[in-house]
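Subject: The structure we talked about

Hello,

Here is the structure I promised to pass on. Please open it alongside this message, and then read on for what turned up in it.

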Amino acid sequence: MSKIIFSIETSCDETSVAILNQQCEILSHLNYTQKDHKVHGGVVPEIAARAHLQILQKIIPISLKKAKLRMKDIDIFCATCGPGLIGGLLVGSSVAKSMAIAQNKPFYPINHLEAHILSPGFKFNMRFPNLTVLLTGGHTQLYYVEGITKYKLIGETVDDAIGESFDKVAKLLNLKFPGGPEIEKIAKSGDENKFNIPHPFKSKKNLNFSFSGIKTAINLMVKKRKVVDYGFKKDLAASFQKKIADIIEQKIIYALEFLNEKNKKIVDISIVGGVAANKKIKSRLINLCKKNNFRLIYPQNEFCGDNAAMIAKVCIEHNKFNFNSNIDFRPNPRLIILNSIKI
Ligand code: KG4
Ligand code: ZN
């Protein structure tokens, strides 16, 4: 009989629970974006941790009701154990562990980044090896993915993460948090060639990213400007977004050359994480993939940002034959992917 998986995601400001069966069918999935951070222009860890606990208490019974299940029908409990904000990780994993103990069922810890990597699996049949471009609020990484649990890190940001740079630029332009969707919105009517935005590591064949210089350059542009009106904002947002798309495109081209030199073949290119929801970036990459005869895979929008369904998916993929328990696993804000080897 198909087993039932219950998952919790609380690594940042999204409180999410999901119930899936072993065929990865979603029986219920509830996401709650915490709103209390908006006034602070960024996520406040202490507020996030407290809010996770309050929200989980409300949404767990609702999720069971929606799935028409009782707690005792769950076969395995899992939760994000890192990377992320430690307060949230402790809350989510402790709640899931407590449920597992109360039901005498296994608890399985999940790495948040691996969940993003496998998130296109809700839409596409994932084939390996692939090149995964992970674009979130906390990470910007390139992985050569040989298969499930076989992830090789080949490049990453040396300073800010890509989503963080969207958020910081949005803040400079006095836009709402989170900044990514706001920048995308106003960039639609902006002139993407209006401003010259720096392109870090452009001349070097480097698989690492850097975004802090872009933020500094935009800060200077804003400070120099007498009137920061809507016209200026939309042109700057469009120019920034175009530069980000240029950077990702260039890194993918370098990564393809690098993998080719190492005789590592790939079948697909995958973009995942909150920033993968950006239509402009996605359409640029769809064209790039077409030109180079690769399929571009990505999660549906609802699975780009943080969500518990992708957490349950990792649990299912890791426990195909029997359910392992690791209730002693300690949440780790800097958790790396097991087997992730930099090549
Ligand atoms: O993957 P995610 O939900 O959380 C982390 O694991 O960090 O990513 C959140 C990030 C935020 O920085 C947000 O501004 C960005 O994803 N984001 C976007 C878009 N939607 C969300 N960035 C650019 N364009 C978007 N449409
Ligand atoms: Zn995430």
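A polar contact, as I use the term here, is a pair of N or O atoms within 3.5 Å. One such pair joins the protein to its ligand: a backbone N or O atom of Gly-137 lies 2.8 Å from an oxygen atom of ligand 1. Please keep in mind throughout that this is a predicted model.

**Around the ligand**

Since you are new to this one, the ligand is a good place to begin. Ligand 1 has 20 residues around it, and those that come nearest are Gly-137, Asp-167, Gly-180, Glu-184 and Gly-274. Gly-137 makes its contact through the backbone, while Asp-167 uses a polar side-chain atom, which lies 2.7 Å from an oxygen atom of ligand 1. His-112 also takes part: an N or O atom in its side chain is 3.1 Å from an oxygen atom of the ligand.

**The sheet β3-β2-β1-β4-β5**

Next, have a look at this open sheet of five strands, which has mixed pairing and the order β3-β2-β1-β4-β5. Its edges are formed by β3 (26–33) and β5 (107–111), each of which pairs on one side only. On average, neighbouring strands here are turned by 20° against each other, direction ignored. Strand β2 (residues 14–21) runs antiparallel to β3, and seven bridges join the two. If you want a spot to zoom in on, Val-17 stands opposite Leu-30 in β3.

Two helices lie across these strands. Helix α1 (residues 45–66) lies across β1 (4–9), β2 and β3, and runs at about 25° to β2. Helix α9 (residues 308–318) lies across β1, β2, β3, β4 (76–82) and β5, running at about 130° to β1.

**The sheet β8-β7-β6-β9-β10**

There is also an open sheet of five strands in the order β8-β7-β6-β9-β10, again with mixed pairing. Here the edge strands are β8 (150–156) and β10 (295–297), each pairing on one side only. Neighbouring strands of this sheet are turned by 25° against each other on average, direction ignored. Helix α8 (residues 279–291) packs on the sheet and touches β9 (268–272) and β10, with its direction at about 150° to that of β10. Within the sheet, β6 (residues 130–135) and β7 (residues 140–147) pair in the antiparallel sense over six bridges. Leu-135 stands opposite Thr-140 in β7.

**Helices α4 and α6**

How do these two helices sit against each other? The axes of α4 (residues 162–172) and α6 (residues 212–224) come within 10 Å and cross at roughly 10°. Angles under 35 degrees count as roughly parallel, so α4 is roughly parallel to α6. From α4, the contact is made by Lys-168, Val-169 and Leu-172, and from α6 by Lys-215, Ile-218, Asn-219 and Val-222. The residues of this contact divide into four nonpolar, one polar and two charged.

One more residue of α6 deserves a click: Met-221 has its place in that helix. Which residues does Met-221 touch, leaving aside its neighbours within four places in sequence? Its contacts are Phe-195, Asn-196, Ile-197, Phe-232 and Leu-236. Met-221 and Leu-236 are 15 residues apart along the chain, and their C-alpha atoms are separated by 9.1 Å.

Enjoy exploring it!

Best wishes

Note on methods
Residues are numbered from 1 along each chain as its sequence is written. Chains are lettered from A and ligands numbered from 1 in the order in which they are written. This is a predicted model: local features need pLDDT of at least 70, side-chain atom pairs count only at pLDDT 80 or more; totals for chains, interfaces and linings use all residues. Side-chain values use heavy atoms; hydrogens and water are left out. Two strands pair if DSSP finds at least two bridges between them. Helices (H or I, at least four residues) and strands (E, at least two) are DSSP runs, numbered from the N terminus. Axes are lines fitted to C-alpha atoms, for helices over the stretch in contact, and angles run from 0 to 180 degrees between N-to-C directions. Contact means heavy atoms within 4.5 Å. Angles under 35 degrees count as roughly parallel, over 145 as roughly antiparallel, 65 to 115 as roughly perpendicular and the rest as oblique. Ala, Val, Leu, Ile, Met, Phe, Trp, Tyr, Cys and Pro count as nonpolar, Asp, Glu, Lys and Arg as charged, and the others, Gly among them, as polar. A residue is near a molecule or strand if one of its heavy atoms lies within 4 Å of it. A polar contact is a pair of N or O atoms within 3.5 Å; within protein, one must be able to donate a hydrogen and the other to accept it, and residues adjacent in sequence count only if both atoms are side-chain atoms.
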